[in-house]
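Welcome! Open your viewer, get comfortable, and follow along from one selection to the next.

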Amino acid sequence: MRFKILMLVFITSLTFACRRADNSGGQTDCQYGAPEAIFQENQTGIAVHSFKVLNNEGIEEIQFANGVDLTLVQSGCDHIRQEFRFTLPGSPESDEPAYWIAQSIILLRMMGSFGPDYQVFSAWAQLIEARAEEIKLAESLELQQGFYVRIDRILSANNATLVLTLSNVP
């Protein structure tokens with residue numbers, strides 16, 4: 001029951017983040033409307049923030065105070081998708097799936113600690129942690145009915161990118 005309440009909070013959060021704007025042009029026929037920024041420029045824990053809408057996608061770029069960079073792409077008209085691309089400095093400690101799942105949980109909890117408006121990220125962290133053994137990299141997993149997660153990574157010489165996708169369809 002607790003997770004259903006948390007998921008309701010998530011849906012509400014998505015609705016507010018992607019609510020229909022009066023001047024949204026082609027987005028008026030979309031269930032979720034035009035995307036809007038999730039984070040605020042003056043948010044504690046955020047060093048740099050920008051947000052723009054390109055071709056019905058919201059692109060939010062953030063540098064957290066701890067040095068982690070995030071590119072958040074929100075897309076979807078009748079189905080919502082949020083892709084978090086965390087650029088982690090340095091080489092990863094491991095390439096085992098458990099490492100990337102744990103990093104996802106840590107980063108979601110970090111964002112959830114920004115205040116009451118961001119508690120939905122802590123809820124996602126709890127769901128992922130509860131189902132961690134079932135998660136396979138680069139595959140969508142339905143955490144609860146209508147709530148999916150996909151975790152993947154992109155490795156390079158100087159850093160690694162953790163790709164975390166939250167959506168309401170696989």
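## Stop one: two helices side by side

Begin by selecting helix 2 and helix 3: helix 2 passes helix 3 in a left-handed crossing. Keep in mind that you are looking at a predicted model. Two packed helices are described by the angle between their axes and the distance between the axes. Here the axes of helix 2 and helix 3 come within 7 Å and cross at roughly 155°. An angle over 145 degrees counts as roughly antiparallel, so helix 2 and helix 3 are roughly antiparallel to each other.

Now show the side chains where these helices touch. From helix 2, select Ile 101, Ile 105, Leu 108, Arg 109, Met 111 and Gly 112. From helix 3, add Gln 119, Phe 121, Ser 122, Trp 124, Ala 125, Ile 128 and Glu 129. What kinds of residues make up the contact of helix 2 with helix 3? Eight are nonpolar, three are polar and two are charged.

## Stop two: the aromatic rings

Next, look at the rings. How many aromatic pairs does the structure hold? There are 10. Select Phe 39 and Phe 114 for one of them: the ring centres are 6.2 Å apart and the planes stand at 80°, so this pair is edge-to-face. Phe 39 sits in the loop between helix 1 (2-17) and strand 1 (46-54), while Phe 114 sits in the loop between helix 2 (97-112) and helix 3 (119-130), so the pair ties together parts that are 75 residues apart in sequence.

Are these two rings buried or exposed? Phe 39 counts as buried because its relative accessibility is 1%, and Phe 114 counts as buried at 16%.

Stay on Phe 114 and add Tyr 118. Phe 114 and Tyr 118 form another edge-to-face aromatic pair, with 6.1 Å from centre to centre and 85° between the planes. Tyr 118 is buried too, like Phe 114. To see the wider picture, select Phe 39, Phe 64, Phe 84, Phe 86, Phe 114, Tyr 118 and Phe 121, which ring pairs link into a cluster.

## Stop three: a valine in a loop

Finally, select Val 68, in the loop between strand 2 (57-64) and strand 3 (69-75). With a relative accessible area of 8%, Val 68 is buried. What is Val 68 in contact with, leaving aside its neighbours within four places in sequence? Show Ile 62, Gln 63, Phe 86, Thr 87, Leu 88 and Leu 107. Of these, Phe 86 is one you have already met in the ring cluster.

For a last selection, pick Thr 161: its C-alpha is 9.9 Å from that of Val 68, although the two residues are 93 apart in sequence.

Technical notes. Residues are numbered from 1 along each chain as its sequence is written. This is a predicted model: local features need pLDDT of at least 70, side-chain atom pairs count only at pLDDT 80 or more; totals for chains, interfaces and linings use all residues. Side-chain values use heavy atoms; hydrogens and water are left out. Rings of Phe, Tyr and Trp (its six-membered ring) pair if their centres lie within 6.5 Å; planes under 30 degrees apart count as stacked, over 60 as edge-to-face and the rest as tilted. Helices (H or I, at least four residues) and strands (E, at least two) are DSSP runs, numbered from the N terminus. Buried means under 20% relative accessible area, exposed over 50%, partly exposed in between (1.4 Å probe, protein chains only). Axes are lines fitted to C-alpha atoms, for helices over the stretch in contact, and angles run from 0 to 180 degrees between N-to-C directions. Angles under 35 degrees count as roughly parallel, over 145 as roughly antiparallel, 65 to 115 as roughly perpendicular and the rest as oblique. A crossing is left-handed if the near helix is turned anticlockwise from the far one by less than a right angle, and right-handed if clockwise. Contact means heavy atoms within 4.5 Å. Ala, Val, Leu, Ile, Met, Phe, Trp, Tyr, Cys and Pro count as nonpolar, Asp, Glu, Lys and Arg as charged, and the others, Gly among them, as polar.
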